[in-house]
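Dear colleague,

Please find below the structure that I am handing over to you, together with its sequence. My findings follow directly after it.

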Amino acid sequence: MTVSAVSSATTATTTTSSSSTSSSSSLTSSDFLSLLVSELQNQDPLNATSTTDFINQLTSYANFTQQESINSNMSSLASSFSSLVTLNSVNYIGHTVEAKTDTSTLSNGSATFGYSLSSAASNVSISISDSSGNVVYTGTGTGNSGSNTFTWDGKDSSGNQLSDGGKYTISVTATDSAGNSVLNYTTVTGTVTGIDTSTSTPSLTVNGVAVSAANILGVTS
């Protein structure tokens, strides 16, 4: 009869613990320890927890507590790092930078882009698309190994001058004599006018376009 009573208590405790755990979104260190103590209090005296199992559970508890501490420290470190990146990004304001991106704003009737080639290209095709994805210009570019520059005069393929303020994206296809792509990346150069910290990774406003601080290649002035 005693065994039956203990067994019932164990069942009730297990049920309560399960219900409590399921209602919580995460298991805390206190919850973990409470479950361990409840197990010891309500274990079957005729089938007690072995010393080995108990030591393993204590080890799991220690590891769990340590992991909680590590997670907390990592979260604090990530927050501090984000603040540091934001502070460093402020230094870019007012400076002209070159950044890896493919979008720029049409200003004073033109937009200048850059692109890097791993080796000389035999064919370089360039297309410019508006913010809706419509191709408004197609042409060719230089194929020198390394950095190349392309300045678009803001006119579409029919010769119509497009209005300033629109955001346009360049697409470059560069191949060598064997037909292999030699394009590394595209760039824009412009003055940093602001910083956006609404996301976990701060971005800089360059030529009216958000650019990740990690994509800044260099400061030109």
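How many aromatic pairs does the count come to? In this predicted model, the count comes to two aromatic pairs. One of them is formed by Trp152 and Tyr168, whose ring centres are 4.9 Å apart. Their planes stand at 65°, and an angle over 60 degrees counts as edge-to-face, so this pair is edge-to-face. The pair links distant parts of the chain, since Trp152 belongs to strand S6 (residues 146–152) and Tyr168 to strand S7, with their positions 16 residues apart in numbering.

Are these two residues buried or exposed? Trp152 has a relative accessible area of 1% and is therefore buried. Tyr168 also counts as buried, because its relative accessibility is 9%, where the limit is under 20%.

Strand S7 (residues 167–175) deserves a few words on its pairing. With strand S2 (residues 103–105), S7 pairs in the antiparallel sense over three bridges. Within that pairing, Thr103 has Thr169 of S7 as its bridge partner. Strand S4 (residues 123–129) also pairs with S7 in the antiparallel sense, here over seven bridges. Opposite Val124 stands Ala174 in S7.

A contact between a charge and a ring should also be mentioned. The charged end of Lys100 sits over the ring of Tyr185, at 4.6 Å from the centre of that ring.

With kind regards

Notes:
Residues are numbered from 1 along each chain as its sequence is written. This is a predicted model: local features need pLDDT of at least 70, side-chain atom pairs count only at pLDDT 80 or more; totals for chains, interfaces and linings use all residues. Side-chain values use heavy atoms; hydrogens and water are left out. Two strands pair if DSSP finds at least two bridges between them. Helices (H or I, at least four residues) and strands (E, at least two) are DSSP runs, numbered from the N terminus. Rings of Phe, Tyr and Trp (its six-membered ring) pair if their centres lie within 6.5 Å; planes under 30 degrees apart count as stacked, over 60 as edge-to-face and the rest as tilted. Buried means under 20% relative accessible area, exposed over 50%, partly exposed in between (1.4 Å probe, protein chains only). A charge sits over a ring if NZ of Lys or CZ of Arg is within 6 Å of the ring centre and within 35 degrees of the ring normal.
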